[in-house]
Amino acid sequence: MSKINLDHLHKKWVHSSEEDTDTQTVYRPAEYKLPPSRGGRTSLDIQPDGTLISTGDAGPDDRQAQKKETWKINANTLVLNEAGNKKSLHILSLAAEKLVIKK
């Protein structure tokens, strides 16, 4: 994959678990019409200022927890940092309507 087009990256991405494979996790823009999902869907809100707000799975009270993190791009890897805890997400493909991350 060539260099990431940051114009496509900066938006809220919602996990489209129906499209996942054994090796890929698929996200769609928040406005994309996805079917309802039990417990809600995880999401990544990637903002241009280097802030990322991630929404996790529903907890015991059915609310989804949110985390505020920072992000940066290193080649085709999205590096997330929350209070010193780093996590890397390798981007396999990115287009205006689809973000694919290696599992």
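Contact here means heavy atoms within 4.5 Å. With that cut-off, threonine 25 touches His15, Asp20, Leu99, Val100, Ile101 and Lys103, leaving out residues up to four places away in sequence. Keep in mind that this is a predicted model. Below is a quick tour of the strand pairings, two alanines with positive phi, the main nonpolar core and the largest pocket.

**Strand 2 and its partners**

- Strand 2 covers residues 24-29, and threonine 25 sits in it.
- Because 5 of its 6 residues are buried, strand 2 is largely enclosed by the rest of the structure.
- Threonine 25 has 13% relative accessibility, so it counts as buried, the cut-off for that being under 20%.
- On one pairing, strand 1 (residues 12-15) runs antiparallel to strand 2, and 3 bridges join them.
- Within strand 2, proline 29 is the bridge partner of tryptophan 13.
- Strand 2 also runs antiparallel to strand 8, this time with 4 bridges.
- Over in strand 8, lysine 102 is the residue standing opposite glutamine 24.

**The loop after strand 2**

- Proline 35 lies in the loop between strand 2 and strand 3.
- Its relative accessible area is 43%, so proline 35 is partly exposed.
- Leaving out residues up to four places away in sequence, proline 35 touches Glu18 and Arg41.
- If you want a distance to check, the C-alpha atoms of proline 35 and serine 16 are separated by 9.1 Å, with the two residues 19 apart along the chain.

**Hairpin of strands 5 and 6**

- Strand 5 (residues 64-74) pairs with strand 6 (residues 77-82) in the antiparallel sense, over 5 bridges.
- One bridge to look at goes from lysine 72 to valine 79, its partner in strand 6.
- The two strands form a hairpin with 2 residues between them, and alanine 75 is in that loop.
- Alanine 75 is worth a glance in a Ramachandran plot: its phi is near 60°, a positive value in a residue other than glycine.
- With 62% relative accessibility, alanine 75 counts as exposed, since the cut-off for exposed is over 50%.

**Hairpin of strands 6 and 7**

- Strand 6 carries on into another antiparallel pairing, with 6 bridges joining it to strand 7.
- Threonine 77 faces histidine 90, which stands opposite in strand 7.
- Here too the hairpin has 2 residues between its strands, and alanine 83 is found in the loop between strand 6 and strand 7.
- Alanine 83 is not a glycine, yet its phi is positive, at about 50°.
- A relative accessible area of 78% makes alanine 83 exposed.

**The largest nonpolar core**

- The largest nonpolar core holds 15 residues, and Leu9, Ile46 and Leu78 touch the most other members.
- Strand 3, strand 6, strand 7 and strand 8 (98-102) are the elements that give two or more residues to this core.
- Strand 7 gives the most to the core, with 3 residues.
- Setting aside neighbours within four places in sequence, leucine 9 is in contact with Ile4, Ile46, Trp71, Ile73, Leu78, Ile91 and Leu94.
- That contact list for leucine 9 includes Ile46 and Leu78, the residues named beside Leu9 as touching the most other core members.

**The largest pocket**

- The volume of the largest pocket is about 280 Å³.
- It is lined by 16 residues, and the closest to its centre are Leu44, Ser54, Lys67, Glu69 and Lys87.
- Two or more lining residues come from each of strand 3 (43-46), strand 4 (51-58), strand 5, strand 6 and strand 7 (85-95).
- Strand 7 supplies the largest share of the pocket lining, at 4 residues.
- By residue type, the lining is a mix of 5 nonpolar, 6 polar and 5 charged residues.

**Where the topics meet**

- Strand 7 turns up in several places: it pairs with strand 6, gives the most to the largest nonpolar core and has the largest share of the pocket lining.
- Strand 6 is also shared between topics, pairing with strand 5 and with strand 7, and giving two or more residues to the pocket lining.

Technical notes: Residues are numbered from 1 along each chain as its sequence is written. This is a predicted model: local features need pLDDT of at least 70, side-chain atom pairs count only at pLDDT 80 or more; totals for chains, interfaces and linings use all residues. Side-chain values use heavy atoms; hydrogens and water are left out. Two strands pair if DSSP finds at least two bridges between them. On a 1 Å grid over the protein atoms alone, a cavity is a set of points where a 1.4 Å probe fits but cannot get out, and a pocket is an open set with protein on both sides within 12 Å along at least five of seven lines; lining residues have an atom within 4 Å of a point. Grid points are joined across faces, edges and corners, and a volume is the space filled by probe spheres set on the points. Ala, Val, Leu, Ile, Met, Phe, Trp, Tyr, Cys and Pro count as nonpolar, Asp, Glu, Lys and Arg as charged, and the others, Gly among them, as polar. Buried means under 20% relative accessible area, exposed over 50%, partly exposed in between (1.4 Å probe, protein chains only). A nonpolar core is a set of buried Ala, Val, Leu, Ile, Met, Phe, Trp, Tyr and Cys residues joined through side-chain atoms within 4.5 Å.
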